[in-house]
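Trainee: Could you take me through a single part of this protein in detail? I would like to follow one helix and see what surrounds it.

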Amino acid sequence: SRSRSRSLAVYLTTTRRERPSPNPNPNLHRPNPDPNLKAKPKPPATGTMATEHPLQVYLKTLTPAPSAPERAEELGRLADYIAGKVAAGAPPKLNFICTHNSRRSHMGAIAAAGAGVAYSVPGLETFSGGTSATAFFPAAVAAVEKAGCGVSVVGYEDAEQTNPTYEVDFGGAAPMTCFSKVYDDFANPNADFAAILVCNSADAACPLVPGAEARFPIKYEDPKVSDDKGDEAQAAAYEGRFQQICEEMLWVMARVAEATAGAEA
């Protein structure tokens, strides 16, 4: 419910602000290193990031296309929105929203960011959130990592250490900070952004997203249905869902690039 979402946002904000921390970013809870939790190395930086970053290499193996013909209309509307922002010289901001901000919304934000790099969409910023906060689900983290993203745990959003904060290197100028949060968390934009609803529950729960100037219901099947089917089936489901999202975001960004060709000349 909306009141629950607001209450959780207030709780998270209050919790972070009250934490004493000597770190440059007081929003991160950094306990003593856990020997069982090792940060994973990031891919090395290169001089031609858009073609050589591992995620970009992966994206080049995919076919940019809607996964079904009926999805082209809504994806096309998203492309038109982004192209309009680029033509106006404004940064396109996309907030991917699902119920728990644990799977599809993170995948959407990362896929869109990577596709934006692939097609050199200027100023693109992507975010994610949920109607409630949980954690970035490990199988979803593994799927984006296997596709070529560098993933590192840099802290936690809660003292209980149930909601890790990740840095995700997708090939852009700076890594993306990913942790589970509500869609109107202060880490997300509060105006001049597009809301992309990636699940039925979020679409129904958020008929109006405050601050959003556009709303796009682009829904994906939840890979959670594979969580009790064994490691191999689970991995295949999450990797397949990330691939689907990447292929559709590549199609969107290709249309943006085509529509804005020469706009900055």
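Mentor: Happy to; here is a walk along helix α8 and its partners, with a few words on the whole chain to begin.

This is a predicted model, in which local features need pLDDT of at least 70 and side-chain atom pairs count only at pLDDT 80 or more, while totals for chains, interfaces and linings use all residues. Residues are numbered from 1 along each chain as its sequence is written, and side-chain values use heavy atoms, with hydrogens and water left out.

The protein's secondary structure comes to eight helices and seven strands; these are DSSP runs numbered from the N terminus, helices being H or I with at least four residues and strands E with at least two. Of its 265 residues, 49% count as buried; buried means under 20% relative accessible area, exposed over 50%, and partly exposed in between, with a 1.4 Å probe and protein chains only. Taking contacts between residues at least 6 apart in sequence, 70% join residues at least 24 apart, where contact means heavy atoms within 4.5 Å.

Now to the helix itself. The largest nonpolar core has 64 residues; such a core is a set of buried Ala, Val, Leu, Ile, Met, Phe, Trp, Tyr and Cys residues joined through side-chain atoms within 4.5 Å. Its largest share, ten residues, comes from α8, which spans residues 231-260. The residues with the most contacts inside the core are Ile-82, Leu-94, Phe-242, Met-249 and Val-252. Leu-94 makes a good example: once its neighbours within four places in sequence are set aside, its contacts include Leu-78, Ile-82, Ala-112, Phe-127, Ile-196 and Met-253.

Next, look at how α8 meets helix α4 (residues 72-87). Two packed helices are described by the angle between their axes and the distance between the axes. Here the axes come within 8 Å and cross at roughly 45 degrees; the axes are lines fitted to C-alpha atoms, for helices over the stretch in contact, and angles run from 0 to 180 degrees between N-to-C directions. The two helices are therefore oblique to each other, given that angles under 35 degrees count as roughly parallel, over 145 as roughly antiparallel, 65 to 115 as roughly perpendicular and the rest as oblique. The crossing of α4 past α8 is right-handed, meaning that the near helix is turned clockwise from the far one by less than a right angle. On the α4 side, the residues that meet α8 include Leu-75, Leu-78, Ala-79, Ile-82 and Val-86. Among their partners in α8 are Met-249, Val-252, Met-253, Val-256 and Ala-259.

Helix α6 is another neighbour. Its residues Ala-139, Ala-140, Val-141, Ala-143 and Val-144 are buried, and the buried residues of α6 pack against α5, β3 (150-156), β4 (164-169) and α8. Just after α6 comes Gly-148, with a positive phi of about 125 degrees.

A salt bridge also joins these two helices: the side chains of Lys-146 and Glu-239 meet at 3.5 Å, N to O. The rule for a salt bridge is a side-chain nitrogen of Lys or Arg within 4 Å of a carboxyl oxygen of Asp or Glu, and by this rule the count comes to seven. Lys-146 lies in α6 (residues 138-146) and Glu-239 in α8, so the pair ties together parts 93 residues apart in sequence. Lys-146 is exposed, at 62% relative accessible area, whereas Glu-239 is partly exposed at 27%.

The loop between β7 and α8 brings in a second bridge. Arg-241 in α8 is linked to Glu-221 in that loop, 20 residues away, with an N to O distance of 3.7 Å. Arg-241 counts as buried at 14% relative accessibility, while Glu-221 is exposed at 52%.

That loop also holds Asp-227, whose side chain meets that of Arg-103 in a salt bridge at 2.9 Å, N to O. Arg-103 sits in the loop between β1 (93-98) and α5 (104-118), 124 residues from Asp-227. Arg-103 is buried at 8% relative accessible area, and Asp-227 is partly exposed at 28%.

Finally, Gln-234 brings us back to α8. This residue is buried, with a relative accessible area of 15%. Leaving out residues up to four places away in sequence, Gln-234 touches Phe-137, Ala-139, Ser-226 and Asp-227.
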